[in-house]
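Reader: Hi! Could you walk me through this one, starting with the ligand?
Author: Happy to, here it is.

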Amino acid sequence: MDFHLTREQDMLRETVRAFAEEVLKPRAAGLDRSREFPVDNYRRCAELGLCGMMVPETYGGAGFDGVSYVIAIEEVSRACASTGVILSVNNSLFCAPILRFGNETQKRKYLVPHARGERIGAYCLTEPQCGSDAAALSTLARRTGDRYLLKGNKVFVTNGVAADTFVVYATLDPGLRHKGICAFIVERGFPGLSLGKPEHKLGITCSGSVEIVLDGCEVPAENLLGTEGEGFKIAMATLDGGRIGIAAQAIGIARAALEESLAYSQGRQAFGQRIADFQAIQWKLADMATEIEAARLLAYRAAWTRDHRERCSLETSMAKLFASEACMRAAREGVQIHGGYGYINEFTVERLFRDAKITEIYEGTSEIQRLVIAKEILRED
Ligand SMILES: Cc1cc2nc3c(=O)[nH]c(=O)nc-3n(C[C@H](O)[C@H](O)[C@H](O)COP(=O)(O)OP(=O)(O)OC[C@H]3O[C@@H](n4cnc5c(N)ncnc54)[C@H](O)[C@@H]3O)c2cc1C
């Protein structure tokens, strides 16, 4: 077993780190306050090929492997966690299902411009009454002639305020549960689609979360992704990939918390010495560093598994669960190491603490990841 990254992966890390340090990091605190969707960050990421990282070059992507994807999302999220999830959604939740389940026309029309970063994609599964229990969704899809009419509301849609295109999950009949669900590619301009009010959030404040209202939204039949009833399978397969992106985002946030804490603890004095000289602080730093390393290895393994096997739910859920909880612990200890200053928003760890929490919630809460892991290890094959 070889733990070395390839030369290309090393170069990618250096390139994205330099870009994130120079362009994204200086803007992060201001965007956190203004809550404005960072369109320019997205465009700059597109120039580096970060919008369709695992999409083959023939479809406008960068053709990276999964480990490279983790590397890039970690580096972006270390500088700006909102930009990290914005990219993760376009890459994993929008481009990936079209690449895997779309037909050639759909790929040419939708995948290419989104993978190039000329357009922004979003993913609409969650509804006001259901998130974890996605099979209970009630947005209705009714076929009439050459189109479907969608009726229902989707909430918390990341990228929603700026997205050009959405993958929307709706059901032919709620009584059929997962067997009735279909996935649709829905353009922002389709009649009957409108945006609700943007959400005011604890963290990742500029990721453009909004409600999407579908009031008889007209979707051409050719925009059905996969086949009727295949939507639940598409949604779950999509989340397997998405969870790798969120694990990477969590690692990036945790690393930022560690780096801020290493710097602060070597400058701050108490009782006549650097706080970094107290063993209590050293243990916190040691735990943070160890957990980041473990999370990264789990994320790399999940990404590698996804590249080589169709089934990867066990690996992706383990990576997402561990990385997000390690991230929350690192952010909490980061604030603690900064003492009172950690609670003040001029200090980066205050934002990191707020940004960290979401990683334990979206794309499956920690409770749901534990359910997936338990189901996988109890499987009788
Ligand atoms: C900032 C943000 C961005 C988001 N982005 C998107 C997006 O782009 N697209 C999208 O579709 N969704 C998005 N979501 C939705 C997110 O994925 C859901 O909020 C999440 O999956 C949880 O669903 P819920 O909020 O309905 O909670 P619920 O499902 O109501 O869960 C509430 C609590 O009960 C627990 N619980 C539920 N079922 C079980 C069980 N069987 N066993 C044990 N515990 C259980 C949960 O873990 C949680 O603690 C986003 C959410 C937020 C906050």
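Author: Keep in mind that this is a predicted model. A good place to begin is Glu367, where a polar side-chain atom lies 2.8 Å from an oxygen atom of the ligand.

Reader: Nice. How much of the ligand does the protein bury?
Author: The protein buries 64% of the 970 Å² that the ligand exposes when taken alone.

Reader: And what lies 2.6 Å from an oxygen atom of the ligand?
Author: That is an N or O atom in the side chain of Thr365. There is a backbone contact to list too: an N or O atom of the Leu125 backbone lies 2.9 Å from a ligand oxygen.

Reader: How many residues surround the ligand, and which are the closest?
Author: The ligand is surrounded by 19 residues, and the closest are Thr126, Ser132, Phe156, Thr158 and Thr365.

Reader: How does that shell split by class?
Author: It has 11 nonpolar residues, 5 polar ones and 3 charged ones.

Reader: Which helices and strands each supply at least two residues of the shell?
Author: Strand S1 (121-124), strand S3 (147-157) and helix H10 (366-377) do. The largest share, 3 residues, comes from H10.

Reader: Let's stay on H10 for a second. Is Gln369 buried or exposed?
Author: Gln369, which is found in helix H10, is buried, with a relative accessible area of 0%.

Reader: What is Gln369 in contact with, leaving aside its neighbours within four places in sequence?
Author: With those set aside, Gln369 contacts Arg243, Ser317, Lys320, Leu321, Glu363 and Gly364. Arg243 is 126 residues from Gln369 along the chain, and their C-alpha atoms are separated by 9.7 Å.

Reader: Glu363 is on that list. Where is Glu363 found?
Author: Glu363 sits in the loop between H9 and H10. Its phi is positive, near 55°, in a residue other than glycine. At 11% relative accessibility, Glu363 counts as buried.

Reader: Then what about H9 itself, anything to look at there?
Author: Try Val349, which has its place in helix H9 (residues 348-357). Val349 counts as buried, at 1% relative accessibility. Beyond its neighbours within four places in sequence, Val349 is in contact with Glu260, Gly334, Val335, His338 and Gly342.

Reader: How far is the C-alpha of Val349 from that of Glu293?
Author: They are separated by 20 Å, with the two positions 56 residues apart along the chain.

Reader: Changing topic: which residues of helix H2 are buried?
Author: In H2 (residues 39-47), Asn41, Tyr42, Cys45 and Ala46 are buried. They cover an arc of only 140° around the axis, so they are on the same side of H2.

Reader: Why would residues three or four places apart point the same way?
Author: Because an α-helix has 3.6 residues a turn.

Reader: What do the buried residues of H2 pack against?
Author: Their partners are helix H1 (7-34), helix H4 (81-101) and helix H5 (104-115). H2 is then followed by Gly49, with a positive phi near 80°.

Reader: Any other positive phi in a residue other than glycine? I'm thinking of Ile204.
Author: Yes, phi of Ile204 is near 30°. Ile204 is in the loop between S6 and S7, and it is buried, with a relative accessible area of 4%.

Reader: What about Thr205, where does that lie?
Author: Thr205 lies in the loop between strand S6 (193-198) and strand S7 (210-220). Thr205 is buried, at 5% relative accessible area.

Reader: Which backbone oxygen does the side chain of Thr205 reach?
Author: The backbone oxygen of Asp32, at 2.8 Å. Leaving aside neighbours within four places in sequence, Thr205 is in contact with Leu31, Asp32, Arg35, Ser82 and Arg354.

Reader: Last one: is Ala163 buried or exposed?
Author: Ala163 is buried, with a relative accessible area of 0%. Its place is in the loop between S3 and strand S4 (165-171). Not counting residues up to four places away in sequence, Ala163 touches Ile120, Gly121, Ala122 and Arg188.

Reader: Great, thanks for the tour!

Notes:
Residues are numbered from 1 along each chain as its sequence is written. This is a predicted model: local features need pLDDT of at least 70, side-chain atom pairs count only at pLDDT 80 or more; totals for chains, interfaces and linings use all residues. Side-chain values use heavy atoms; hydrogens and water are left out. Buried means under 20% relative accessible area, exposed over 50%, partly exposed in between (1.4 Å probe, protein chains only). Helices (H or I, at least four residues) and strands (E, at least two) are DSSP runs, numbered from the N terminus. The arc is that of the directions from the helix axis to the C-beta atoms. Contact means heavy atoms within 4.5 Å. A polar contact is a pair of N or O atoms within 3.5 Å; within protein, one must be able to donate a hydrogen and the other to accept it, and residues adjacent in sequence count only if both atoms are side-chain atoms. A residue is near a molecule or strand if one of its heavy atoms lies within 4 Å of it. Accessible areas come from the Shrake-Rupley method with a 1.4 Å probe; for residues, only the protein chains shown count as cover. Ala, Val, Leu, Ile, Met, Phe, Trp, Tyr, Cys and Pro count as nonpolar, Asp, Glu, Lys and Arg as charged, and the others, Gly among them, as polar.
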